[in-house]
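Trainee: Could you take me closely through one part of this model, the run of helices towards the end of the chain, and say how far the prediction can be trusted?

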Amino acid sequence: ISPATSTSDPNAGASVSAALQQEQRLAALLSDCFTQRNLARQRVEAVEQFMERFDLSQEDSRLLDHYSFEDVSSITNNETSSMIHGMAFLKALERVRTIRIELGRTFGTSNSNSAMAEYFKQQSSASTADNSRSLGASSALRMMESLAQKQERAYERLYHWLQKYLHLHSMDPHNHPSSSGAAGEEMTDRLEEALSNNPFVQQSLHRLQSDVPAFYSHLLELIAHSRRSNQTRRFLLALTSGLEGMPPIEMRAHDATVYVGDILAFCFRAFSMEADVAKRLFVAQNDDESENSGKNEQEHDDNDDKLKDPDSATDLPSASSAEGQITATELLAQSMGGIARPLKS
């Protein structure tokens, strides 16, 4: 018995040793799996926090990409409840603006890759720093680029819609009335109506003025050109065909006093109308600037200095916006400048 036992002991010891080694490998494998699971959870939590803070909702993304302003184009009165999607579109634009500002503050612009890596490193453990660094930098950069493109496309669509809605296209039939009978309907002051009764247009102009000054400046130039053309046509119609139920001014050309008085009365009404439009455009703009500057004391002081400019001889706001942008006085001068040539002739 003893020889058999002695020969079987080495085999049993080897078997036990192999089983122990296999058990240890299995335990190490399970430990590594649990560690990877915990790291994956931490990474998911970090990504979820990042997306919650810096990503758009599906509805906001849909509005920015596909909203066609269909519920705003038919608004004639202050029916805010009828432009739910329009207001949501503007809120989505504000959300994009806020996200981009937060991205800039969090990651910076000079060394964005290291800043993004540091952000994700803080959200996960040190053992995953390398993976987080590459994931965070590439994901955040792609998100910043995507948001910038989405914002640019949305503002471009808003800019073109405002041109169409306000009849600022040179070939728009609303800008070319052919008779005094059609003038009352076709020459309806869409801009004045929008500034008074359409909060979507008002807020859209504010958004362009604060976020895309180039689009806003071009809109002001188009507005000045369009109103100049319209006031010139209105004056010529008033002279030759009559306007708004009034007889032609030329009918009284034989009486110099009445003739000049009618011309001055038309100019006074036109000047008052254009001055009111300029006020509404630029007072709203200055109010928006004051609200934004309230967050920055230095900007607030600068705006006060501009508003107290002693050179302002009229009630129009004297504060100019971005450099090279048309001012309220220039807008009024261009709008009324078209009447000067007929008067000279």
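Mentor: Let me begin where helix α9 ends, bearing in mind that this is a predicted model: α9 is followed by glycine 242, whose phi is positive, near 90°. Helix α9 itself covers residues 213-240, and at 1.5 Å a residue its 28 residues should span 40 Å, which agrees with the 41 Å that separates its end C-alpha atoms.

Turning to the two preceding helices, α7 (residues 190-197) and α8 (residues 199-211) pack with their axes 6 Å apart and at an angle of about 95°; angles of 65 to 115 degrees count as roughly perpendicular, and α7 and α8 are therefore roughly perpendicular to each other. On the α7 side the contact is made by Ala194, Leu195, Ser196 and Asn197, while α8 contributes Pro199, Val201, Gln202 and Leu205. Sorted by class, this contact of α7 with α8 has 5 nonpolar and 3 polar residues, and no charged residues.

As for confidence, the mean pLDDT of the protein is 74, with 67% of its residues reaching 70 or more. Over residues 1-6 the pLDDT is below 50, and this stretch has 0 contacts in the model beyond near neighbours in sequence. Residues 125-129 also have a pLDDT that stays under 50, although the model gives them 5 contacts beyond four places in sequence. Where pLDDT is low, the predicted coordinates should not be read in detail.

Methods: Residues numbered from 1 in each chain as written. Predicted model: local features only at pLDDT ≥ 70, side-chain atom pairs only at ≥ 80, totals over all residues. Heavy atoms only, no water. Helix = DSSP H or I, 4+ residues; strand = E, 2+ residues; numbered from the N terminus. Expected span 1.5 Å × (residues − 1). Axes fitted to C-alpha atoms, helices over the stretch in contact; angles between N-to-C directions. Parallel < 35°, antiparallel > 145°, perpendicular 65-115°, else oblique. Contact = heavy atoms within 4.5 Å. Nonpolar A, V, L, I, M, F, W, Y, C, P; charged D, E, K, R; others polar. pLDDT = per-residue confidence, 0-100.
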